[in-house]
Amino acid sequence: MKGTWQSGVGALALVGSGTALADYAYNLQTPASGVAQDVFQLHNLIMLVCLGIFVVVFTAMFYSLWKHRKSVGHQAAHFHENTTVEVIWTVIPFIILVGMAYPAARVVIDMKDTSSPDMTVKVTGFQWKWRYDYLNDGIGFYSNLSTPRQQIDGTAVKGEHYLLEVDEPMVVPVGKRVRLLVTANDVIHSWWLPAFSVKQDGIPGFIRDSWFKADQIGTYRGQCAELCGKEHGFMPIVVEVVSEPDYQAWVAKKKGAAQTAAADHGRIFEIAELMARGEKAYQANCAACHQENGMGLPGTFPAIRGSRVATGPIADHIKVVMNGRPGTAMAAFGPRLSDADIAAVVTYQRNAWGNKMGDLAQPAEIAATRLRVAKASATQ
């Protein structure tokens, strides 16, 4: 009842001050799109209706209990059905429900109308990160949690956007209708951005769609809303809404970075370069399970420090990283990481935490392994 009362008070505040309601601790996030504004207003309308029903029903009930109590001489009445009363308490709730269903249906239909988009982005959920592929612009990237592990482990002060910050945010232009094609690579995820009133499940093997059109430039944060595994709370969503010129500049920058990454595939790296790059790739892709120190979680995720894989033949190590281990939580990173990144993370694992194997992998070796796997698959 306390929650109902607080929500009712918040709904009444809308009448006097929209700004105050937007800041109310028990309310929805401030809407940043047309659909989100409709959802916000619908929420307040339904809350007012519920509050009105609450007041009428409980006022009548408490009045009856007080005025007809036994202590003032009232006797219990004995009566049977009353057709008029039964019709009234059936018709009135029906009218109220229809009155609530009509605006709700309009909002839901608008939320599901993904026609005529200005741009389309494919969103793929992974344990535990997101991938964004811009189908109109030909770019794609992974978005990983960037909150330092020290904050998660409690050894450092938590930042302003603790667990709601990423290394690569999704960037969209303001005022453009963005269609989302949402799916997942492993388990069910859910792409949830409250400020835009978008919440769409990503299901492996299926494509579900949604959309939004941001009305204001700014940074908006959400997270996976599905219980998708151990790191469920560590795969946030960050969307940066920018002006059209800034968006075009960002696209050009991403395409330039992709060309640089492609050039890296033919490079011969020094071990120091691979170690620095490998540490970043490890923190973004491996540390969630195997831990920063490579010790893993006993009984759940194996250690890399001193493991047979990291201290065995490098060719076998590359295969494990690229292909994963079917039937276990070890995912295949071949489709997720570039040749240079796989070479770097393998090199890092073999020379960090006291492993000191002294060897290294080059992107050309990763490319050759991919080719052998492709040929083997083609002959099967």
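Is Met330 buried, partly exposed or exposed, and what is its relative accessibility? Met330 counts as partly exposed, at 22% relative accessibility. The cut-off for buried is under 20%, so Met330 does not count as buried at 22%. This structure is a predicted model.

**Around Met330**

Where does Met330 sit in the chain? Its place is the loop between helix 10 and helix 11 (339-351). Beyond its neighbours within four places in sequence, Met330 is in contact with His290, Val320, Val321, Gly324 and Arg325. Two of these partners, Val320 and Val321, are buried residues of helix 10 (residues 314-323). The other buried residues of helix 10 are Ile314, His317, Ile318 and Met322. Gly324 follows helix 10 and has a positive phi, near 70°. Tyr63 is far along the chain: 267 residues separate Met330 and Tyr63 in sequence. In space, their C-alpha atoms are 65 Å apart.

**The whole chain**

The protein chain contains 12 helices and 10 strands. The C-alpha trace spans about 95 × 50 × 50 Å along its principal axes. Its radius of gyration is 28 Å, whereas a compact globule of 380 residues would have one near 21 Å. Of the 380 residues, 37% count as buried. The accessible surface comes to about 21,200 Å², and carbon and sulfur atoms hold 60% of that. Now take the contacts between residues at least 6 apart in sequence: 63% of them join residues at least 24 apart.

**Nonpolar cores**

Which residues touch the most other members of the largest nonpolar core? They are Tyr134, Met170, Trp191 and Phe196, in a core of 36 residues. Strand 10 (residues 236-242) gives the most to this core, with 4 residues. Another core lies apart from it and has 21 residues. Its members include Ala310, Ile314, Met322 and Ala343. Ile314 and Met322 are also among the buried residues of helix 10.

Look again at Tyr134. Outside its neighbours within four places in sequence, Tyr134 is in contact with Met119, Thr120, Val121, Ile139, Phe141, Met170, Val171, Tyr247 and Trp250.

**Aromatic rings**

The whole structure holds 14 aromatic pairs. A pair of rings is described by the distance of the centres and the angle of the planes. Here are two of the pairs.

| Pair | Centre distance | Plane angle | Type |
|---|---|---|---|
| Phe58 and Phe62 | 6.0 Å | 40° | tilted |
| Tyr134 and Phe141 | 6.0 Å | 25° | stacked |

Why is the second pair stacked? Planes under 30 degrees apart count as stacked, and the planes of Tyr134 and Phe141 are at 25°. Both Tyr134 and Phe141 are buried. Ring pairs also link these two with Tyr132, Tyr247 and Trp250 into a cluster.

Phe58 and Phe62 lie in helix 3 (residues 34-67). They are separated by about one helical turn, because they are 4 residues apart. An α-helix has 3.6 residues a turn, so residues three or four places apart point the same way. Phe58 is partly exposed, with a relative accessible area of 27%.

**Charges over rings**

Which residue has its charged end over the ring of Phe141? Lys254 does, at 4.6 Å from the ring centre. Elsewhere, Arg69 lies over the face of Trp66, 3.9 Å from the ring centre.

Key
Residues are numbered from 1 along each chain as its sequence is written. This is a predicted model: local features need pLDDT of at least 70, side-chain atom pairs count only at pLDDT 80 or more; totals for chains, interfaces and linings use all residues. Side-chain values use heavy atoms; hydrogens and water are left out. Buried means under 20% relative accessible area, exposed over 50%, partly exposed in between (1.4 Å probe, protein chains only). Helices (H or I, at least four residues) and strands (E, at least two) are DSSP runs, numbered from the N terminus. A nonpolar core is a set of buried Ala, Val, Leu, Ile, Met, Phe, Trp, Tyr and Cys residues joined through side-chain atoms within 4.5 Å. Contact means heavy atoms within 4.5 Å. Rings of Phe, Tyr and Trp (its six-membered ring) pair if their centres lie within 6.5 Å; planes under 30 degrees apart count as stacked, over 60 as edge-to-face and the rest as tilted. A charge sits over a ring if NZ of Lys or CZ of Arg is within 6 Å of the ring centre and within 35 degrees of the ring normal. The radius of gyration is taken over C-alpha atoms; the globule rule is 2.2 Å times the number of residues to the power 0.38. Accessible areas come from the Shrake-Rupley method with a 1.4 Å probe; for residues, only the protein chains shown count as cover.
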